[in-house]
Amino acid sequence: MCLIGGPSAAQPSETSNNRGSGPQTAPNPIVPPYTSSQTGQRCREQKGMQRMTTIIDPTDERVPIRRQLTRRPEAISGTLALLDISKPRGDVLIAELEARLAARLPEVTIKRYKKPTFTKPAPEALRREIAQEADFVVEALAD
Amino acid sequence: MHDTVWFEIQGKPSVFIASNVFVNAAEAQSAALGLPEVRRIFVPHPIQDATDDEMRAKADAIVDEVIAALVD
């Protein structure tokens with residue numbers, strides 16, 4: 001995608017990371033100082049006076065590592081962790097789930113955990129604690 | 001989702017539960033995390049204004065799914 005800078009657009013620059021060091025006339029709010037694009041190809045538009053704006057694709061270029069689902073046993077045994085992500089009302093569902101699972105799996109130990117906020121992954125210490133203590137994990141409840 | 005994938009990486013069979021407004025988001029995020037097959041269960045929306053009885057009914061409805069998600 002290309003955009004042509006407006007009257008307040010920055011002057012053309014070959015490297016767009018020199019904000020503050022070139023002869024720019026005014027900050028351009030739509031042209032952050034990105035330095036590279038996905039293809040390495042700059043998008044240039046010129047109209048009238050020499051103006052150039054570089055727009056970079058902000059999407060993640062990385063290809064995730066392909067992972068495998070953990071092999072499942074034929075039956076649940078040991079300890080099952082119920083991880084509450086701290087969303088309102090989730091605790092009601094988890095409490096009921098705990099009771100139902102305890103009735104269905106009387107030989108399984110069920111342990112409750114709660115992470116401090118649903119806005120971030122669980123703290124590393126909590127993750128390690130669960131991984132050390134539990135054989136299965138149920139995480140709830142995102143809404 | 002991040003936590004569930006992390007536990008899978010640690011060798012712990014895991015499943016996460018979300019409301020059904022997250023179906024598409026879960027699909028996209030699980031792929032982005034490299035584990036599109038991550039087990040997930042969806043309960044009917046809404047959640048936060050549901051009564052306790054409604055929340056318990058949602059839990060009751062997925063008990064079998066939860067167990068099935070953790071075993072082969």
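This report describes the nonpolar core and the chain contact of a predicted model. Local features need pLDDT of at least 70 and side-chain atom pairs count only at pLDDT 80 or more, whereas totals for chains, interfaces and linings use all residues. Residues are numbered from 1 along each chain as its sequence is written, and chains are lettered from A in the order in which they are written.

The largest nonpolar core (buried Ala, Val, Leu, Ile, Met, Phe, Trp, Tyr and Cys residues joined through C-beta atoms within 7 Å; buried means 20 or more other C-beta atoms within 10 Å, with C-beta atoms placed from the backbone) has 39 residues, and those with the most contacts inside it include Ala81(A) and Val66(B). The elements below, DSSP runs of at least four residues for helices (H or I) and at least two for strands (E), numbered from the N terminus, each supply at least two residues of this core.

| Chain | Elements (residues) |
|---|---|
| A | E1 (79-84), H1 (90-104), E3 (136-142) |
| B | H1 (2-9), E1 (14-19), H3 (52-70) |

H3(B) gives the most to this core, with 7 residues. Val138(A), leaving aside residues up to four places away in sequence, touches residues of both chains (C-beta atoms within 7 Å), among them Leu80(A), Val15(B), Ile17(B) and Val66(B).

The contact takes 35 residues from chain A and 39 residues from chain B, and on the side of chain B that touches chain A the largest share, 10 residues, comes from H3(B). E3(A) and E1(B) pair in the parallel sense over 4 bridges, pairing requiring at least two DSSP bridges, and Glu139(A) stands opposite Phe16(B).

Note on methods
Buried ≥ 20, exposed ≤ 12 C-beta atoms within 10 Å, placed from the backbone. Contact = placed C-beta atoms within 7 Å.
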